[in-house]
Structures are given as C-alpha cells and as structure tokens.
Amino acid sequence: MEEEDQQKVADLIKELVIRLRSQNPNSESHPPTPNSPEFQSSLRYAFRLISSRLNPSVAPDATAIAESTKRRLATQGRSSQALTFADLYTKFASKTGPGSVNNKWAVVYLLKIISEDRKNGKTQLDSSVLLPNLGFNDAESGKESRVLVGRGNKEKGWNNGVLLVSKDPENLREIAFREYVNLIKEENEVSEEVLVRDVLYACQGIDGKYVKFDSSADGYALSDLIKVPRATSIMVRKLCELGWLFRKVKGYISESMDGFPSEDIGTVGQAFCAALQDELSDYYKLLAVLEAQSMNSIPLVSETASSGNYLSLRRLSVWFAEPMVKMRLMAVLVDKCRVLRGGAMAGAIHLHAQHGDPLVHEFMGCLLRRVCSPLFEMVRSWVLEGELEDVFAEFFVVGQPVKAESLWREGYMLHAGMLPSFISQSLAQRILRTGKSINFLRVCCEDRGWADAATEAAAAAGTTTRRWGLGYGESDALESLVDGAAKRVDKHLLDVIYNQYKFKEHCLAIKRYLLLGQGDFVQYLMDIVGPELSEPANTISSFQLAGLLETAIRASNAQYDDRDILDRLKVKMMPHGTGDRGWDVFSLEYDARVPLDTVFTESVMTKYLRIFNFLWKLRRVEHALIGIWKTMKPNCITSRSFMKLPHAVKLQLLSTLRRCQVLWDEMNHFVSNLQYYIMFEVLEVSWSHFLDEMEVAKDLDDLVAAHEKYLHSIVEKSLLGERSQTLYNSLFALFDLILKFRSHADRLSEGINELQARTMESSLPSRDKSKTKKRSNDRSSEPGSWISEGRKALTQRAGEFLRNMGQDLDTLSKEYSSLLEDFISKLPMQQHVDLKFLLFRLDFTEFYSQLRPNDVCFFLMACVEDLQLT
Amino acid sequence: MDADAAKTARESLDLAFQMSNILDTGLDRHTLSILIALCDLGLNPEALAAVVKELRREPVPLPPSDAAGPVL
C-alpha cells in the first residue's frame, strides 16, 4: 500500500512538473522533454520541496481558511467574487461520499497559497527581476528551501543584480526592509489561545508573552512584531483596558495600605480600600475560572465544540463586560478620592452613586455601605456617647481644647468640608448639638444621667447601641436615632440646668441685684454707700464697699435669698482715671460659675455691667431728687419764722423757693417717668418674654438664644444700643445737670436754714439754744458773722444770697430746658417702638410739644408769673 | 468506481477550478486535478504550493548549475 502510494505520488509529481514546465512562460519554446537535464533538475527540486515539508503549519480547518480567503477578496474590493467564492465553497464542502475530494481543507488552502503567491509574485515582480538575489533569499522562498534556491540563484543573477541595485539604491533598501518585517511577522504568528491567555495575564496586571504593558502608550498592547489581524489586535487592546484599570485600582490600594499608618489615609480611606480589595477578590475569582477555561482549546469553526467551556477573545469580551463597568467605576473613584479623606471622600463617592443604571447604583450602594461604616460609627458614638473617635480628623464634627466655659460655644464645630452630602446641614447641626450636649453634661455639669437618656434614645430608635448599627442608605434610621437622642439628651441637659444648677433662680437674682429690681436693697445700698462714693475713686477701698454691700443685704429683704446666690454677688471697682468719683467706678457683679457661665459669658456680663451702670446712675439721680425733696418740702420752709422778715426779702425768698420747686418738679417728672419706663416697659416686659421663651426652649442653644434676646432687648430699649448713642449722651448730660441742681438746692436749703436760724436767734435768742448750739459754734468761727451785723445787714445779705441763688437757678433751668428739649426732639428719631412710648409718657399733656425751642423763655416767664401770683 | 462517484469527482473538480479562477491562481484544469490528487494523498499543501510557485517562475537553469544545485 505504502509502496503504491509512493509510486502514485511520484508519478503525479512528475506529471505536475511536466504540466508546470510546459506552462512556464520562461521556458520559452522548449517542449517538455522528460529526459532533458532541466526537467530532471526541476523534478528533483520539486521532490525536495515536498519532502522538506511534511506537516502543514496551520490547523486543518477548511471553513476558517475559506472564511479568511473570502475576507481577503472582500477587502480587496471584490465583494461579488467573494460571495461567489463563498457559494462555491459551500457547494464544494457539501460534496461528500465516494468520488469527492477527501482532503478539502488542503485543496482550499493550496488554492489560497497559490493565489497569494501569484499576487505577491505580481506585485513583486519587479523585485524578482531587479533583485533576484535579495528577493529569493529573504522573502519568496520558504524556510527550508531558501538556502538551496538562494544558492542556485546567486550565481545566475549576480551580474544583473549588481547592475540594477546600483541604479536604484533607495528602493532597494525600502523593499529589503519591508520584506524583512514580513518575514519576521510570518514567523511570529500566534494562535488565539495564546492571546487569550496573555490577555488574562494582562488583566491581572502581569505582562504576558505577547501582550505587554507599554509605558509610553500607557496601556497594554500587542507587540508590533506579532502578525495578527487588525481586528484581533484591536480586540486585545480593548480587553486589556481592564488590565490598565486593574493596575490603577491595585496601585491605589497598595499605595494607601503601604502608606498606613504613617501617611494617614484615615479610617474611611481604609474602609474604601478594603471594599475595593473585596471587589478585586471577586474579580480574581472570575479570572481564575476564566483561566481554567482558557486551557480548553478553541474548536475550529467547522467542528462542533465538544465542550462549551472554551475561551476565545470574543467570549472573553462578553465575560469582561460587567467587571469592566465595575472596574471603570472603581478607577474613577480612585482618581477622585486620591486627595480626599474622611467625610469628603464619602461625599464624593456618594455623588457617583447618583446613577440611573441599577447595576452601578447597586454596586455603589455596596461600596458606600462599606466606606461609610466608620463614619456612621463615629456618628453613633458621638450622638450616644459623646465620644469623638476621630484619630484622622475625618469626622464632620471637630473638637478643640477649650476652657469649660466656652466648651458649648467654641468647643465643637462643624467642618463643612468633611460633611458628606448625604447628611443634610440641619441633621449635621442636630448631630453636633447632641454630642455637644453630652460633652457639656459630662465636663461642665459633672452629670452621669445622660447615659440612661442615650440608651433610651437608642432603644427607641430601634437600633441598639452596639457597633455597626447604622449604614449608608438608612437615613431614616439615622435621623430617628439622632432626633431621639437629641430630644432626650437635650431634655436631660435642660433638667440639669434648671434643677441642679437653678438657672432660673440665678437669672432672677441677676435681675434683682444687677438690674436693681430689688427696691429696698437698692435703697439701702444707695443710702450707705452714697457718702463713700462721693470720695475720689482712688481713695475708696473695695473691701469696705464689700462690707457695706453685706450690710445692705442684711438690712433688706435680700437676706432671705439663697445663701449660694448672695455669695455670688460682689462689688467690682472698674478701672478709674484721675478725677473719677466713687460713683463712676462702683458696680456690682454676679459670679456665674460653671456651667452657667456658658450662658453668662464674659461679654454677657459686660452688657449686664453697662446696664447696671446706667440703672445705678438713674437710681442715684432719683435718690438725689428725693434727697432734695426731703430738705425742701414746702412746709419745711414756709414757716412762720419768716413772718418777721421784711416784705421784699420775704417775697424774694418765696419766689426763689418756688422757682426751685418748679424745676425740681419738672426734673422729678422726667426722672420718675424714665424710671417707670425702664422698670415696667423694659425690664419687666423683657423678663416676661424671657420666661416664656425659657418655657419652650428645647435645648441649650435655645436657652442661650433666649437669654441673648432678653439682654439685647434691655440694652436696646434702655438707650444703650449703638444707634441711640447720642440720645444716651444727652440723657447723661441731663443726669449730670440734675446732680448739679441737687448741690445748688442743697446750698439754697442750707442758706435758708441758716437764715431761719438767724432770724429765730435774733428774735428769740433764748429759745432752742441747745439745738443751735453747734451751729452758733460754727458761726463764731466765721469772722463776718451775720449776727454781729444786726438786722439790716442780715436782710441785705439774705437778699444778696437769694438773688445769687435765683440767678443760678435760672441758668440751671435754662440749661435743663434746652437739654430736655434736645432729648425729647431726638427721642422720636429712635427706631425702637418702645421709646415712642417713653416720649408719650414724658409728654403726656403735650406740654413739651407745644414748646418750640425759642419758646423756652415763655415757659420761664410762666413760672415767674406763677410765683408772683402767690 | 461507479458513475455517481465519477460525477461527484467531476463536480468537485469543477467547483475547485472555479474557485481557483476566482482566486486567480493561473492553474489549468489538469494541473489542478493533479494537485487535488496529491492533496488527497496527504501531501502538505504548502509544499505543493511552493513547488507550483518555484517551477512556474524558474527560468531556464544553466547546464552547469544542474549538476551542482541538486547535489547539495
């Protein structure tokens, strides 16, 4: 059988050679003569060629070869022929049974190669003519035959070649190079299985045999030297995008984890890395499965696959579709988060989760749950335990070490940059306040009761106080937890403030003592410290004043107040300059201790101090006026003792007295109305509003705000605000004038008393000696005493004194009127509606409004007329 | 060999010849039939193609080369 076949082959080859040679255009007129030497050599050559290649270099897959042939035709623009070819092939392939061609793939392949050879031969016809040498050597011949043929041709075409090469050297080099490249490519043809395996490697970030990371192009690519169809190489590149993304994600993770803990990426960053790592391990699982599958060889197109589990590039691209989406997302996140930390990172990821694609949405949801878990843990422990477990400064609440008194206001802040966008601003505020309340209770109030409140809150919110109770996407749970905790903790805090620390009582005490609400106490204090305060400020001892304060407390109803409250009341001397009197520097202060100094801060106490100073001055003026009244009551002076005076002097005395009293009355009207206004329209009204607000206050912030409002309204309404500065100044000018009036009035009454005493002495020298003894002693020391000068001189001096006093009073009264006019004219310009009531009160009878500034003299004349009538 | 087989063989050859024409191989019917026969005998088509190519192009070798060439 073998023999027979061999013989058959030999015969056939012989025949073939004959046929070919007879066709050969080069063989010219030679008829094929079987015995000619050329024929013999050709035959031998043919045998050699055939025996040299026993196995084909491609897989025996007729369909694939036909497909590729067809594609080639199509790409050459011969699509109709391509169709015809395909049609013919199917017919050809369908011929089976006896008589048909058995080795169909070989036939098709043979045709293909011959056709390609012919085409190459045509296009490179020149090269074979021009360059027999190179052409034969490198490109045209097959591997094994090359040497032989080359040798044969070397000699024959040498002369030609040299000649032609020298004619066209550039072309030569170019052609030579192209052919060399073609040659290498032919040698490097790779099968799809290998490519698949390489791609799988690349997707794990490992360089494969052919697919390598190209750092200049920043991506995985097939090496250029490998001959694959363009479509394949594009597909490989597309698939390798996954590898590039993987490298990026993996790089971020290892960078972050290696840097930890020296480079603080924070707990959120760690959670993010861990979540990415988990995603990657899923991805590894997929790759492992794929790798196992890639071991199965790819069946040929014509075969039906024995097992479906093989991998081609196309299958791989389907497998990679989903991981590719995820990996892209991760890469985007990695890019985005590289510089972010903590809450900001969670917020950035959250923004990416707003996606319509359910796959993306779900994936991001999972990721965020992981990423946010440290953040929610922080929220939980902050809200329920007041612990700020934030080593890496990732939480949106930032604590800073401060003194206990400013813990509430400055101890904890919201850090806007770290606030993730899925937590609203108001919720963040509530979270901040709840934790702050707990800390406030713990630090300032030394209270332990909040723990129960927190536990209760957690139970009510349905979550336990254990860790990881909260998660991303459960914003309702978070909100209800925060709300519950806030409500309970705040309530507890207020309870502590009200009951344990007696906030209300302290407020009341401040109102009573600093705002001079306790009338009898103020009266006593004014009485006993008055003389002391008239001294220059630098001679006054504050210890003595403290003693006097104590006396005043004991003398008044204040003694029944709580000892704790009274202990906090202290005398304070303000810094003073030269020429200041005690009145200018004296003030009271109230020592609000922790925790109440959160409400009564230093600035608040400064405001209280200003209010106290104002009220104290007002009281002092009132006190002075009352003092005048005491000495100058009409029935004190107009006694019968003046009956004996000459009529002129008597009239003068009466008129002066009258004038003084009218002025006093006017001042008293002003001061008492102002006093009334301050007490009832300002202090009490503000206090009652404050009490109402205290009732409804839900947390300490509300309470602080209510107190601020209370204080602010007092300051504004009692002319201490910035806008009423000028009004305040003219008011103080009025006060000063009234005090001046007081000293004048004192002098007047003193003079009158003396006059009275003198008159009585002169008429009834023996009466009441003991009473006037002291006075006569004083008088005796004076050289020009009235008594020695007799009655006439007495009358004259009295007249002079009274005239002087009358003139002084006139000036005072004029000044007073103009100041008051000024004050009243400024009053309606105030914004505050309550000050209008003050104007209304002062000018109830429209007395002042009828007076124009130039009518002031009218007013005085009216007074004088009035006097003369009586 | 019955008529059917002969018919099939002829048809196959026809088809192959048409394909060959489309591909512009320049082979005539007889040569093609020889090649198909050789393929059926299990020869490597690449080798056959090489033979076709070489012999077609081969210019008239010089008499001296005929002694040296094949001996190698």
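The paragraphs below lead through a predicted model, beginning with its two chains and ending with two loop residues of chain A.

Chain A is built from 35 helices and six strands, and of its 870 residues 34% count as buried. When the contacts in chain A with a separation of 6 or more are considered, 70% of them are accounted for by residues 24 or more positions apart.

Chain B contains four helices and zero strands, so that, read from the N terminus on, its elements follow the order α-α-α-α. Of the 72 residues of chain B, 44% count as buried.

Two residues of chain A deserve a separate look for their backbone angles. Lys502(A), which lies in the loop between α20 (475–500) and α21 (503–514) of chain A, has a phi near 50°, a positive value in a residue other than glycine. Is Lys502(A) buried, exposed or partly exposed? Lys502(A) is partly exposed, because 16 other C-beta atoms lie within 10 Å, a count that falls between the limit of 12 or fewer for an exposed residue and that of 20 or more for a buried one.

Beyond α21, the loop that leads to α22 (519–533) of chain A holds Leu516(A), whose phi is near 55°, again a positive value in a residue other than glycine. Leu516(A) counts as buried because it has 24 C-beta neighbours inside 10 Å, and a residue needs 20 or more to be placed in that class. Positive phi values are thus found both at Lys502(A), which is partly exposed, and at Leu516(A), which is buried.

Technical notes: Residues are numbered from 1 along each chain as its sequence is written. Chains are lettered from A and ligands numbered from 1 in the order in which they are written. This is a predicted model: local features need pLDDT of at least 70, side-chain atom pairs count only at pLDDT 80 or more; totals for chains, interfaces and linings use all residues. Two residues are in contact if their C-beta atoms, placed from the backbone, lie within 7 Å.
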